[in-house]
Amino acid sequence: MNGAPAQQRLTGFWRHGRWRPGVQLAAAVALAWAVASALRLPESFWAVMSVLIVMRPSAGSTLDAGWDRVRGTAAGALCGLAGVYLQHHGVPALPVTLAIVMLLAFAGAAVPGLRSAPVAALIILSASGIAGHSALQVALLRMAQIGIGVGVALAVSTFMSEYHAGARFDEGCAALLRGIAKRMAGAQRPAEAQAERIHAATRASLGRLALLAGSADLEARWWRRGAAAGGAGTARAYRDKARLAARIFQDAVVLDRVFRQAKGAQADPFWRDAAQAAGAAVAGMAEALAGKGAPDLADLARVATVQATASNALLIAPLSLLLDDLQRMQRCIAAPVASAEPAAG
């Protein structure tokens, strides 16, 4: 009995595929070391270190981290060479090293892409430990090793990736919209305290989707899918979908508040019809994100465009906003497909 929880965790680890990122990272480490060793580069583990720093589960996020590592290291290498030049002309080594590293540390805190710069500068300024190599040679070796590490990480994350950021974004966004739709169309609304907890969790999910959308757009540009599907018009396709998902969530929150404030709204046929139409429209949009057909917004358009009366005036404005945002999302989903058809032809 005591071993049952441990056995369940172990079997779950293999069943749910949580071993894949570890295998992916281990393969990248071995390959980076093999490439650096085959090229007879001194201190081959610098390429391994770059893999460990930039490796991510998806190709897009790996490319993003790798580019930051490369440009930060290049800036640090140039500053380190400037420090070596000053030392060569008689400036004491300790003040030069401290000044350059402190300056780059400040810049790295202000500009996230330069976080690796102080480390690179410090490596070059302390390059006397590598016998037979000048400071310039050390800088070039470090850049080559970092390039190997980043290239290997990108290749492994592309061909052994646990997921592709675009597909994962669409799946996560569809799941979020399904939850919103279910709460919209529900006959019973949760208590206010529970609703606030649900809204807080949804906002956190939206934040994660926004980060994933950036990786998905970068991944799409890397594979030139954006160029094949309309170029600049789709360069921000996933970030646009993330922004619209956040707006749909805000529309749902407004509608929920309107329903709560309206006394006797549950018994009004129009209000029940509006809730069902809104929930069905959002659920249809979730299925469209999952690649299961186009959403049907006709019922929502019908209830959003009825003539305002004393009983339904509060609903018309939020329903119209929701309809507008869903139509924008529909166009955003359809745009890459529509623009890809002429290219395919």
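The paragraphs below lead through a predicted model of one protein, from its overall build to its core, its cavities and a few single residues.

The protein has 14 helices and 0 strands, and from the N terminus on its elements accordingly read α-α-α-α-α-α-α-α-α-α-α-α-α-α. Of its 345 residues, 41% count as buried.

A good place to begin is the interior. In soluble globular proteins, nonpolar side chains tend to be buried together. In this model the largest nonpolar core has 50 residues, and those with the most contacts inside it are L177, V282, L300, L315, L319, L322 and L326. The elements that give two or more residues to this core are α8, α9, α11, α12, α13, which spans residues 298-304, and α14, which spans 313-344. Among these contributors α12 gives the most, with 12 residues.

Two of the helices that supply this core, α8 and α11, are also joined by an aromatic contact. A search of the whole structure finds 1 aromatic pair. The ring centres of F169 and Y238 lie 5.7 Å apart and the ring planes meet at 85°, so this pair is edge-to-face, given that planes over 60 degrees apart are classed in that way. The contact links distant parts of the chain, since F169 belongs to helix α8 (residues 165-185) and Y238 to helix α11 (residues 237-261), with their positions 69 residues apart in the numbering. Both partners, F169 and Y238, are buried.

What does a search for disulfides across the whole structure find? The search finds 0 of them. A disulfide is a covalent bond between the sulfur atoms of two cysteines. For C173 the closest cysteine sulfur is that of C332, at 9.6 Å, which is too far for a bond, because a disulfide requires the two sulfur atoms to be within 2.5 Å. Seen from the other side, the closest cysteine sulfur to that of C332 is in C173, again at 9.6 Å and too far for a bond. C173 has 0% relative accessibility and therefore counts as buried, and C332, at 14%, counts as buried too.

The next topic is the empty space inside the protein. Rolling a probe the size of a water molecule over the atoms shows where empty space is left. In this model the count comes to 2 cavities of 30 Å³ or more. The largest cavity has a volume of about 220 Å³, and of the 17 residues that line it, the closest to its centre are R183, R189, H199, A252 and D256. Helices α8, α9 (192-222), α11 and α12 (269-289) each supply at least two residues of this lining, and α11 gives the most, with 7 residues. By character, the lining of the largest cavity divides into 12 nonpolar, 1 polar and 4 charged residues.

The second largest cavity has a volume of about 80 Å³. W46, R69, T73, S116, V119, A120, I123, I124, R142 and I146 line this second cavity, and the elements that give two or more residues to its lining are α4 (59-88), α6 (117-125) and α7 (135-159). The lining of the second largest cavity divides into 6 nonpolar, 2 polar and 2 charged residues, with α6 giving the most, at 4 residues. Helix α6 is itself mostly covered, as 7 of its 9 residues are buried. The buried residues of α6 are A117, P118, A120, A121, I123, I124 and L125, and among them A120, I123 and I124 also appear in the lining of the second largest cavity.

Two single positions complete the tour. Most residues other than glycine have a negative phi, and most peptide bonds are trans. R40, by contrast, has a positive phi of about 60° although it is not a glycine. R40 is found in the loop between α2 (20-38) and α3 (45-54), and with a relative accessible area of 77% R40 is exposed.

The other position is A220, which is found in helix α9. At 11% relative accessibility, A220 counts as buried, the limit for that class being under 20%. The C-alpha atoms of A220 and A237 are separated by 9.5 Å, while the two residues are 17 residues apart along the chain.

Technical notes: Residues numbered from 1 in each chain as written. Predicted model: local features only at pLDDT ≥ 70, side-chain atom pairs only at ≥ 80, totals over all residues. Heavy atoms only, no water. Phe/Tyr/Trp six-rings, centres within 6.5 Å; stacked < 30°, edge-to-face > 60°. Buried < 20%, exposed > 50% of the residue type's maximum accessible area, 1.4 Å probe, protein only. 1 Å grid on protein atoms, 1.4 Å probe; cavity = no way out; pocket = protein on both sides within 12 Å on 5 of 7 lines; lining within 4 Å. Points joined across faces, edges and corners; volume = space filled by probe spheres on them. Nonpolar A, V, L, I, M, F, W, Y, C, P; charged D, E, K, R; others polar. Core = buried A, V, L, I, M, F, W, Y, C linked by side-chain atoms within 4.5 Å.
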